[in-house]
2 protein chains.
Amino acid sequence: MRVGFVGLGIMGGPMAGHLVSAGMDVTVWNRSPGKAEPLAKAGAAVAGSLEDLAAACDAICLCVSRTEDVRGCVEAMAPHSKPGTLFIDHSTIAPSGAVAIATDLRLQGRRFVDAPITGGSMGALKGQLTIFCGGAEADVVEAIEVIKPYTKTAARVGPSGAGQQMKMANQIAVGGALLALCECLNYADKAGLDITQAHELIGGGAGGSWAFANYGAKILNRDWSPGFTIENQRKDFGYCREAAARIGAAIPGTDLVDRLLAGLQEQGHGEWTTAALFEAYQAR
Amino acid sequence: MRVGFVGLGIMGGPMAGHLVSAGMDVTVWNRSPGKAEPLAKAGAAVAGSLEDLAAACDAICLCVSRTEDVRGCVEAMAPHSKPGTLFIDHSTIAPSGAVAIATDLRLQGRRFVDAPITGGSMGALKGQLTIFCGGAEADVVEAIEVIKPYTKTAARVGPSGAGQQMKMANQIAVGGALLALCECLNYADKAGLDITQAHELIGGGAGGSWAFANYGAKILNRDWSPGFTIENQRKDFGYCREAAARIGAAIPGTDLVDRLLAGLQEQGHGEWTTAALFEAYQAR
């Protein structure tokens, strides 16, 4: 079986690398071809086009950005792919978009699993990602086997689109935890407390979180280098808000974080990491 | 040295019990005297009045509710207490109130450490509380020695009032983490996902928190028995909001949680535990 990988960015690059390291036959493609070079050196085939990649592979992973990017890649590949080809999409896109793409592919005799990831760039480097899979049971079982080299936890969470819905829920939790961290440390700072001590004492108790443990040092050092950027976080929140409106779920906390991050983005800081939300508090 | 303990509620009762178990000479007092009985059986002396307790003790711990309760108890005790008596207040009250009480006591030749606690009723039962101490260095050192039997972590965080400021920052983090948890699981529920699976997958990743680990089961079982009540949480948030306005710290996340909890309280659910914030989302 030959596995294709489309989208070799900060996440997709290391993920494709894990497939190669696991001894799989891998063909890669990236919009800017330079990113394929390290993978070619490691033993991956590099396709000249999406069409060529599609013709060569039995399963095709994607890790691109927006709904329209996934749609564009899939539309280019599907007519050239083998019947029954399994598309596995790791991008975070609109749940409704994932359902529509899955339906289109089914009509063409191809298969689709939405499989958005969480665990960040460190998780991708270590091959320790959590992956939320939506699709038909047999397809998800097959997908989980393919993506095993970069998986910490992968689970079927429902039919097509459910993987993206779980990712939306995940981003809601991530955003809220970030809000709690930044609002707390800004308060401590304005109250004249030592915020290093506040971070340690509060993070070790009932206010603690993954965000406290992992973003604390960034805030204490005012280090806003990415990491996951404000721009990408707001892209995800856009899908969250659209999906929440469709299903009638209130997300006032997410709306609040999004507004605060929007302020930073409007000031030209879209490339800062999300922990820079602290700066939005400091400026108020 | 004889230690007094005033306020034998869900937190103070077990805390006083740990002092007795540690072999200290303890005198207790509670507004409703029945709560002193188990401590009397364990070996504590029971004072007939605050005045009697004050006259008998060298250090006096308080664990009552509001700023005015602490002020009332301290004003009743101070004139009857020995010069140099160390008052240690575990209640969560306004930082400005703690500063004022400390100043009043200093003028009377008595000492005061604000020492609010976190760790919940389980922490009190186990003697594993985190305690934020504000006051003069020598007084805090002495206070930490007295309260050792129920301490996991105790630290001086600054002068008088700083302990309460740290508690405010802590409640901001706790409230935000609760918001993230409830907003996430409500979204998952409305999206048709299995919320038990959502809780497990998301809680194990970048969205995870102490709140996910400790309140998750309550939400999955819709068990709103206290626990820390909405009424008490809103009492603390009231002090937060007042203190935040004084120091010019924006706390929009805390304001949001407080508004959502206010809705539940107005419906007569003030005695529910705070994880019932989930219900505020379900109803929207």
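A polar contact is a pair of N or O atoms within 3.5 Å; within protein, one atom must be able to donate a hydrogen and the other to accept it, and residues adjacent in sequence count only if both atoms are side-chain atoms. By that rule, 10 residue pairs are in polar contact between chain A and chain B, both residues at pLDDT 80 or more.

## About the model

This is a predicted model, in which local features need pLDDT of at least 70 and side-chain atom pairs count only at pLDDT 80 or more, while totals for chains, interfaces and linings use all residues. Residues are numbered from 1 along each chain as its sequence is written, chains are lettered from A and ligands numbered from 1 in the order in which they are written, and side-chain values use heavy atoms, leaving out hydrogens and water.

## How the two chains meet

Let's look at the pair of chains. With copies superposed by least squares on the C-alpha atoms of residues with pLDDT of at least 70 in both, a rotation of 180° with 0.0 Å of shift along its axis places chain A on chain B (RMSD 0.0 Å). The two copies are thus related as by a two-fold rotation axis. S209(A) is the residue of chain A that comes closest to this axis, with its C-alpha at 1.8 Å.

Each chain brings 54 residues to the contact, where contact means heavy atoms within 4.5 Å. Of the interface residues of chain A, 100% are also interface residues in chain B, so the copies meet through the same surface. About 4,300 Å² is buried between the chains, 69% of it on carbon and sulfur atoms; buried area is the accessible area (1.4 Å probe) that two parts lose on being put together, summed over both. Y187(A), L201(A) and A206(A) supply 17% of the area that chain A buries against chain B, more than any other three residues.

## Two domains in one chain

Now look inside chain A. An automatic or database domain assignment gives the bounds: domain 1 covers 2–158 and domain 2 covers 165–282. Their C-alpha centres lie 29 Å apart.

Here 14 residues of domain 1 of chain A touch 11 residues of domain 2. The area buried between these domains is about 1,100 Å², and carbon and sulfur atoms give 60% of it. On the domain 1 side, T92(A), P95(A) and F132(A) lose the most area to domain 2, together 44% of what that side buries. Five residue pairs are in polar contact across this domain interface, both residues at pLDDT 80 or more.
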